[in-house]
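Please open the model in your viewer and set the display to ribbons. The tour proceeds by selection, one stop at a time.

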Amino acid sequence: MFFTMGRFAVPSQSEVNSSPGTRRTRGSWNPRQEETSLQLVRMWLYLAALLGLYYLRRWYRERQTVENLQDKYVLITGCDSGFGNLLARQLDVRGLRVLAACLTEKGAEQLRKATSERLQTVILDVTSTDSIAAATAWVKAQVGDRGLWGLVNNAGTVLPVAPNEWLTKADFVKVLDVNLIGLIEVTLSVLPLVKRARGRVVNVSSILGRLVFYGGGYCPSKYGVEAFSDSLRLELLPFGVKVCLIEPGAFKTPIINPQTTKDILQEVWSHVPAEIKVTYGQHYFETYQKQFLQLIDTGSRNLSLVTDCMEHALTARHPRTRYSAGWDAKLYYLPVSYMPASWQDFLLTRKQPKPAHGI
């Protein structure tokens with residue numbers, strides 16, 4: 001409606017508000033929306049600040065080291081080669097009193113030649129109760145009233161690895177005896193000495209203690225190590241003993257030699273019952289063997305990525321509960337382990353060979 005004033009028509013206030021030129025559009029400024037956006041920005045800034053403070057505090061705490069390391073005794077199993085051998089030499093350089101347990105006299109002799117007179121060796125077969133008892137008595141005599149500051153359960157084995165249906169109970173027991181039962185028996189044998197020193201138990205697990213992508217005893221053994229370590233950590237908290245887990249990704253060590261792996265896989269396949277062989281087919285076996293050997297070949301040769309984690313667990317005043325060693329573990333295997341099972345199944349099976357009589 002217009003009010004006329006002389007020759008000119010003057011619009012009413014309602015018409016002004018509703019005219020196209022003055023009508024509010026969707027893209028116009030909204031104070032309430034702007035306030036909400038500012039609140040979201042502040043929230044993310046607060047979260048970023050808290051996260052930064054958390055990592056700064058953790059960095060500071062993890063730089064603090066234990067005092068009088070030169071008086072600390074550390075028992076390491078599986079020192080003939082690989083992680084155990086490198087860690088023994090590493091700790092010897094740091095001045096700790098290393099008690100290196102080797103499976104063979106040859107391995108012990110080579111290690112003694114490469115280290116100082118502080119380092120001492122003992123022969124230990126973690127699958128033998130008598131050997132464990134003898135080694136425990138020897139360790140007790142070495143440490144005396146000081147107790148044992150650190151136990152590193154590093155001894156382990158991998159093979160045979162194959163689809164579970166191809167294997168026997170003996171194949172599983174062979175790996176479980178070393179990686180899990182032997183680890184538990186060694187730990188229980190020397191635990192009073194560790195409690196006396198209020199020291200550390202460092203168990204070598206694997207990223208395959210969180211995620212499984214092949215059959216055999218290795219993955220079950222590492223899942224067992226994770227569970228045993230978690231229960232032990234809770235039980236030993238009141239005694240001032242810390243329990244740490246090392247979870248390496250793929251590394252090239254003498255524990256898994258390509259030619260030995262190939263030979264053992266061939267032997268396993270040769271003993272698979274005929275009716276099971278038919279369901280998989282020769283092509284499946286050949287592809288499986290090839291892919292597993294390729295997986296071994298992708299392993300890192302930088303073993304210090306693992307032994308540095310072990311050393312930190314033993315020498316830091318505030319060690320971590322779990323250490324993921326290797327970029328493959330940090331950036332792929334660990335994130336995948338937190339995914340839904342259906343996602344894991346897709347990622348881990350998309351390149352697997354197809355059985356001859358699969359669906």
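The stops below pass from the sheet to the helices that lie across it.

This is a predicted model, in which local features need pLDDT of at least 70, side-chain atom pairs count only at pLDDT 80 or more, and totals for chains, interfaces and linings use all residues. Residues are numbered from 1 along each chain as its sequence is written, and side-chain values use heavy atoms, with hydrogens and water left out.

Select the strands (DSSP runs of E, at least two residues, numbered from the N terminus). Seven of them form an open sheet with parallel pairing, in the order β5-β4-β3-β6-β7-β8-β9; strands pair if DSSP finds at least two bridges between them. At the edges, β5 (120-123) and β9 (322-325) each pair on one side only. From one strand to the next the twist averages 15°, with axes fitted to C-alpha atoms and angles running from 0 to 180 degrees between N-to-C directions.

Next, select residues 73-76 and 97-102: these are β3 and β4, parallel strands joined by four bridges. Val74 has Val98 in β4 as its bridge partner.

Now select residues 169-197, helix α6 (helices are H or I runs of at least four residues). Helix α6 lies across β3, β6 and β7, at about 175° to β6; contact means heavy atoms within 4.5 Å. Move along α6 to Leu191, where the helix bends by about 50° and Pro192 follows within four residues. The bend is the angle between axes fitted to the seven residues ending there and the seven starting there. Just after α6, Arg198 takes a positive phi of about 50°.

Finally, select residues 218-236: helix α7 lies across β7, β8 and β9, running at about 160° to β8.
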